[in-house]
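Reader: I have a few labels to check. Take me through what earns each one.

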Amino acid sequence: MRMLLIHSDYLEYEVKDKALKSPEPISEEQKKGRLEEVLAVFMSVEKADESNPEEVVEKAVAEIKDVASQVKANRIFVYPFAHLSSELAKPDVALKVLQRIEERLREEGFEVKRAPFGYYKAFRLSCKGHPLAELSRTIVPSGEAVS
Ligand SMILES: C[C@@H](O)[C@H](N)C(=O)N[C@H]1[C@@H](O)[C@H](n2cnc3c(N)ncnc32)O[C@@H]1CO
């Protein structure tokens with residue numbers, strides 16, 4: 001799993017087109033989304049994560065919690081983003097991992113939005129620009145090498 005974490009004044013998206021044959025079904029309301037004062041987390045779920053998705057979920061949640069507490073963010077935007085890795089997990093595994101991360105972050109008390117999976121999306125982001133505003137993390141299940 002590769003994550004790019006951007007502490008932002010806001011992140012907003014608009015669904016444009018299908019990017020997969022069968023993208024995640026979404027409601028009219030989910031076609032647009034915006035959060036203010038948010039830690040945006042762009043995530044590519046990787047092939048190696050398929051060996052232990054639950055472990056990757058827990059490690060990702062721990063990393064996100066750590067960064068959120070450092071930048072004092074209590075809102076998280078989970079953003080599926082297939083451009084951080086050249087070894088992507090299959091879409092059905094990736095979607096489940098991202099849905100579980102969303103669930104676990106809510107359980108940890110965060111306000112969470114997740115951008116729809118399997119679409120081309122326009123987005124606007126306002127990065128705050130402080131020293132911890134742009135971070136990346138790589139997560140691998142135990143026993144897997146970091147590629
Ligand atoms: C395209 C660009 O504008 C948009 N932002 C986009 O990336 N769309 C991705 C993700 O939503 C999702 N997706 C598929 N596989 C994965 C994966 N392994 N990890 C994360 N997302 C995935 O499926 C889309 C096409 O790859």
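Reader: Why is the pair Glu 14 and Lys 16 called a salt bridge?

Author: The model is predicted. In it, the N to O distance between the side chains of Glu 14 and Lys 16 is 3.7 Å. The cut-off is 4 Å, from a side-chain nitrogen of Lys or Arg to a carboxyl oxygen of Asp or Glu. The pair is within 4 Å, so the label holds.

Reader: What makes Glu 14 partly exposed?

Author: Its relative accessible area is 31%. Buried means under 20% and exposed means over 50%, so Glu 14 falls in between.

Reader: How do you know that Glu 50 and Lys 47 form a salt bridge?

Author: Their side chains are 3.2 Å apart, N to O. That is within 4 Å, so the pair counts.

Reader: Are Glu 50 and Lys 47 buried, exposed or in between, and what makes them so?

Author: Glu 50 has a relative accessible area of 23%. Lys 47 has 44%. Neither value is under 20% or over 50%, so both residues are partly exposed.

Reader: What makes Arg 100 and Glu 103 a salt bridge, and where do they lie?

Author: The N to O distance is 2.6 Å. It is within 4 Å, so the pair qualifies. Both residues lie in helix α2, residues 91–107. They are three residues apart, about one turn of the helix. Arg 100 is partly exposed at 25% relative accessible area, and Glu 103 is partly exposed at 39%. Salt bridges with shared partners join Arg 100 and Glu 103 into one network with Glu 54, Glu 58, Lys 65, Arg 104, Glu 107 and Glu 108.

Reader: How many salt bridges does the rule give?

Author: The count is 23.

Reader: Now the ligand. What makes its pair with Val 45 a polar contact?

Author: A ligand nitrogen is 2.8 Å from a polar backbone atom of Val 45. The cut-off for N or O pairs is 3.5 Å, so this is a polar contact.

Reader: Why do the pairs with His 83 and Ala 89 count as well?

Author: A ligand oxygen is 3.4 Å from an N or O atom in the His 83 side chain. For Ala 89, a backbone N or O atom lies 3.3 Å from a ligand nitrogen. Both distances are within 3.5 Å, so both pairs count. The protein covers 90% of the 530 Å² of accessible area that the ligand has on its own.

Reader: Where does the ligand sit, and which strand gives the most to its shell?

Author: The ligand sits in the largest pocket. Strand β5 gives the most to the shell, with three residues.

Definitions and conventions: Residues numbered from 1 in each chain as written. Predicted model: local features only at pLDDT ≥ 70, side-chain atom pairs only at ≥ 80, totals over all residues. Heavy atoms only, no water. Buried < 20%, exposed > 50% of the residue type's maximum accessible area, 1.4 Å probe, protein only. Helix = DSSP H or I, 4+ residues; strand = E, 2+ residues; numbered from the N terminus. Polar contact = N/O pair within 3.5 Å; in protein donor to acceptor, adjacent residues only side chain to side chain. Areas by Shrake-Rupley, 256 points an atom, 1.4 Å probe, with all protein chains shown as cover. 1 Å grid on protein atoms, 1.4 Å probe; cavity = no way out; pocket = protein on both sides within 12 Å on 5 of 7 lines; lining within 4 Å. Sits in = over half its atoms within 2 Å of the grid points.
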